[in-house]
Amino acid sequence: MLRIISNSLKTGVLTEADPFGRQASFGFPVMDFSRCTACGECARSCPTGAIQTMTPHADWKTVSLSYASCIQCRECVAACPEQAISVSTDIEVASYSREQLVRSASFDIDPGTGRATLREVDIEEGPSLSQSAARLRERIHGRLGRSLHVRQVDAGSCNACELEIAATTNPLYDLERFGIHVVASPRHADVLLVTGPVTRNMEIALRRTYDAAPEPRVVVAVGACGCSGGIFGEGTYASVGGVDRVVPVDVYIPGCPPRPQAILNGLLVAMGTREARVRAADGGRAHGVGAPRPESR
């Protein structure tokens, strides 16, 4: 006993006072659209289709990047001949919809040379982050209080996200100090934390788990697979795809897998104590993926 006490005193307190202050060693790609020439090399290198190029007209081209599908492989960074893609170290990436995780831009194409010139950074239609946050707060107002009971559901994950979720309970991150508790039954849960691309065998089980949870039953999709189907895609013979193909999703936490800090941040967003953010670590570039979006055109 004395040895245990002595070792504890020598070790000291391991819990990070501010788990969100640390930057990740790797993160999401950040596309500087002002340097992009819309050549499409990044899209051809992306294994999940997170980067896409489209040509609606002969003189008009679009390039889009979705964090929901990104597995942070950095293939796009290596493939870009203009070095227009860098890597962010920000980990507090979460949103209330898939659309809010997409950044895109339009380019004018010169018919003679085929060279692309940035026209504008597009704004996705739909509610903004602040509008979505207000809706979620209104829905859970007076119901969740200052504590959160979470039931984790593995709907077909490779278990990478489960390892990161388990890490949130260790002494370093200690999610219970935020009033977050993991429970064994969905009937006791405020939040369903769902991972995986929802395999066909888990589709019915996920629906039944959702039905068993009491209102307001907030759903948080974790990881690229949970957000969009990830590397496994959507509508295949083996998987349905993202969690929102089966049950409504309130908060998306992208990443492959997301770090424990990102998962903690997403749970606090679901709790209504933090607002979702999608930005680059440098605060957003003029034409970057992480640049703040105007609320309206």
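# Exercises on a predicted protein model

Among contacts in the protein between residues at least 6 apart in sequence, 78% join residues at least 24 apart; contact here means heavy atoms within 4.5 Å. Before you start, note that this is a predicted model, where local features need pLDDT of at least 70 and side-chain atom pairs count only at pLDDT 80 or more, while totals for chains, interfaces and linings use all residues. Residues are numbered from 1 along each chain as its sequence is written, and side-chain values use heavy atoms, with hydrogens and water left out.

## Exercise 1: the whole protein

Work out how many helices and strands there are, and what share of the residues is buried.

Solution. Step one: there are eight helices and eleven strands. Helices (H or I, at least four residues) and strands (E, at least two) are DSSP runs, numbered from the N terminus. Step two: 49% of the 297 residues count as buried. Buried means under 20% relative accessible area, exposed over 50%, and partly exposed in between (1.4 Å probe, protein chains only). Step three: the accessible surface comes to about 14,300 Å², and 51% of that belongs to carbon and sulfur atoms. These areas come from the Shrake-Rupley method with a 1.4 Å probe; for residues, only the protein chains shown count as cover.

## Exercise 2: the antiparallel sheet

Find the order of the four strands in the antiparallel sheet, then trace some bridge partners.

Solution. Step one: the order is E2-E3-E5-E6, and the sheet is open. Its edge strands are E2 and E6 (116–122), each pairing on one side only. From one strand to the next, the twist averages 25°. Two strands pair if DSSP finds at least two bridges between them.

Step two: look at E2 (residues 51–57) and E3 (residues 60–66), which are joined by five bridges. They make a hairpin with two residues between them. His57 has Trp60 as its bridge partner in E3, and Thr53 has Val63.

Step three: move on to E5, which seven bridges join to E3. Here Thr62 has Ser106 as its bridge partner. E3 itself is mostly covered, with six of its seven residues buried.

## Exercise 3: the parallel sheet and helix H8

Work out which strands helix H8 touches, and why H8 can be called largely enclosed.

Solution. Step one: get the sheet straight. Five strands form an open sheet with parallel pairing, in the order E8-E7-E9-E10-E11. At the edges sit E8 (180–182) and E11 (251–253), and each pairs on one side only. On average, neighbouring strands of this sheet are turned by 25° against each other, direction ignored.

Step two: zoom in on one pair. E9 (residues 191–195) and E10 (residues 218–222) run parallel and are joined by five bridges. Leu193 stands opposite Val220 in E10.

Step three: add the helix. H8 packs on the sheet and touches E7 (148–154), E8, E9, E10 and E11, with its direction at about 175° to that of E11. Axes are lines fitted to C-alpha atoms, for helices over the stretch in contact, and angles run from 0 to 180 degrees between N-to-C directions.

Step four: check the cover. Twelve of the twelve residues of H8 are buried, so the helix is largely enclosed by the rest of the structure. Among them are Pro260, Asn265 and Met271.

Step five: check the length. H8 (residues 260–271) reaches 16 Å from its first C-alpha to its last, close to the 16 Å expected at 1.5 Å a residue. That expected span is 1.5 Å times one less than the number of residues. Just after H8, Gly272 takes a positive phi of about 90°.

## Exercise 4: two single residues

Decide whether Ser88 and Arg200 are buried, partly exposed or exposed, and describe where they sit.

Solution. Step one: Ser88 lies in the loop between E4 (85–87) and E5 (102–109). With a relative accessible area of 6%, Ser88 is buried. A polar atom of the Ser88 side chain lies 2.9 Å from the backbone nitrogen of Asp90.

Step two: Arg200 is found in H6 (residues 200–212). At 39% relative accessibility, Arg200 counts as partly exposed. The residues Arg200 touches include Gly235, Tyr237 and Ala238, leaving out residues up to four places away in sequence. Arg200 and Ala238 are 38 residues apart along the chain, yet their C-alpha atoms are separated by 5.7 Å.

Notes: Polar contact = N/O pair within 3.5 Å; in protein donor to acceptor, adjacent residues only side chain to side chain.
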